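Trainee: Got a minute? I'd like to walk through this model with you, helix packing to begin with.

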Amino acid sequence: MNMLLGALQLGLFYSLLAMGVFISFRVLNTPDLTAEGSFTFGVAVSTMVTVAGHPYLGLLAAFLAGMAAGAVTGLMQTKVGIHPILAGILTMSGLYTINLAVMGASANVTLLDKPTLFRLLFKQLPMSKDVIRVLVGLVLAGAVLAALAWFFRT
């Protein structure tokens, strides 16, 4: 049962990455690999903001970091004239170096004994940790899906 819950938790969070890839490949009909690099970039930024003691602000910072990565790819395509797939590859490749710079030249940063989003929710909600993780994943994936549905109707 634990393996099923763990797979569900990871699947919900990776569904955000899948939605980004789906938009670029199927909806926009443009091969763009920025989503793969911006996903880890958002995690790196969120981790550093969380280590600084602001776990909720870390989610917003991750969102803004992903937007910045997408803007860089878009600018390379429109203003510089680089082919879309090459612009995505350049952004994705460059973000790995930027991730190391964001995380202070460390390949990993520990969140042990830091106030993370999940630790705060574990204290506030009277449910098991696995249920809380699934609920957070459902809420985030549902919110992104609702925002995309609204956006594509405009």
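**Helix packing and side chains**

Mentor: Sure. Start with α1 and helix α6 (residues 129-153): their axes come within 9 Å and cross at roughly 15 degrees. Keep in mind that this is a predicted model.

Trainee: OK, so how are α1 and α6 oriented to each other?

Mentor: Roughly parallel, because the cut-off for that label is an angle under 35 degrees and theirs is roughly 15.

Trainee: And what's the handedness of the crossing where α1 passes α6?

Mentor: Left-handed.

Trainee: Which residues meet there?

Mentor: On the α1 side the list includes Leu5, Gln9, Leu12, Phe13, Leu16 and Ile23. On the α6 side you'll find, among them, Asp130, Arg133, Val134, Leu138, Val144 and Phe152.

Trainee: Gln9 catches my eye. Is Gln9 buried or exposed?

Mentor: Buried, because its relative accessibility is 11% and the limit for buried is under 20%. Gln9 sits in helix α1. Leaving aside neighbours within four places in sequence, Gln9 is in contact with Asp130, Arg133 and Val134.

Trainee: How far is Gln9 from Tyr56?

Mentor: They are 47 residues apart in sequence and 19 Å apart in space, going C-alpha to C-alpha.

Trainee: Now α1 against α2. At what angle do the axes cross?

Mentor: At roughly 145 degrees, with the axes coming within 9 Å. The contact is made by Phe13, Tyr14, Leu17, Gly20 and Val21 of α1, with Ala35, Glu36 and Phe39 on the α2 side.

Trainee: And which hand is the crossing of α1 past α2?

Mentor: Right-handed.

Trainee: What about α3 and α5, how are they oriented to each other?

Mentor: Oblique, because their axes cross at roughly 135 degrees, and that label takes in angles outside the roughly parallel, antiparallel and perpendicular ranges. The α3 and α5 axes come within 8 Å. Pro55, Tyr56 and Leu59 of α3 make the contact with Leu117, Leu120, Leu121 and Gln124 of α5.

Trainee: Switching to α2. Where do Thr47 and Thr50 stand?

Mentor: Thr47 is found in helix α2 (residues 34-51), and Thr50 is in helix α2 too. Thr47 counts as buried at 13% relative accessibility, and Thr50 counts as buried at 6%.

Trainee: What does Thr47 touch?

Mentor: Not counting residues up to four places away in sequence, Thr47 touches Val109 and Leu111.

Trainee: And what does Thr50 touch?

Mentor: With that kind of neighbour left out again, Thr50 touches Pro55, Leu111, Pro115 and Thr116. Note that Leu111 turns up for Thr47 and for Thr50.

Trainee: Backbone next. Which residues other than glycine have a positive phi?

Mentor: Ala105 is one of them, with phi near 60 degrees. Asp113 is another one, with phi near 65 degrees.

Trainee: Where does Ala105 lie?

Mentor: In the loop between α4 (84-102) and α5 (117-124). Asp113 lies in the loop between α4 and α5 as well.

Trainee: Are those two buried or exposed?

Mentor: Exposed: Ala105 has a relative accessibility of 71%, and Asp113 has a relative accessible area of 77%.

Trainee: Let's do rings. How many aromatic pairs are there?

Mentor: Four. Phe151 and Phe152 form one that is edge-to-face, 5.4 Å centre to centre with 65 degrees between the planes.

Trainee: Why does that pair get called edge-to-face?

Mentor: Because the planes are 65 degrees apart and the cut-off for edge-to-face is over 60.

Trainee: How accessible are Phe151 and Phe152?

Mentor: Both count as partly exposed: Phe151 has a relative accessible area of 49%, and Phe152 is at 40%.

Trainee: Which residues do ring pairs link into a cluster?

Mentor: Phe13, Phe118 and Phe122. You've met Phe13 already, among the α1 residues that meet α6 and in the contact with α2.

Trainee: Last one: what's the average pLDDT of the protein chain?

Mentor: The average is 90, and 100% of the residues score at least 70.

Trainee: Which elements have the lowest and highest mean pLDDT?

Mentor: Helix α1 (residues 2-27) has the lowest at 86, and helix α3 (residues 55-80) has the highest at 94.

Notes
Residues numbered from 1 in each chain as written. Predicted model: local features only at pLDDT ≥ 70, side-chain atom pairs only at ≥ 80, totals over all residues. Heavy atoms only, no water. Phe/Tyr/Trp six-rings, centres within 6.5 Å; stacked < 30°, edge-to-face > 60°. Buried < 20%, exposed > 50% of the residue type's maximum accessible area, 1.4 Å probe, protein only. pLDDT = per-residue confidence, 0-100. Helix = DSSP H or I, 4+ residues; strand = E, 2+ residues; numbered from the N terminus. Axes fitted to C-alpha atoms, helices over the stretch in contact; angles between N-to-C directions. Left-handed = near helix turned anticlockwise from the far one by under 90°. Contact = heavy atoms within 4.5 Å.
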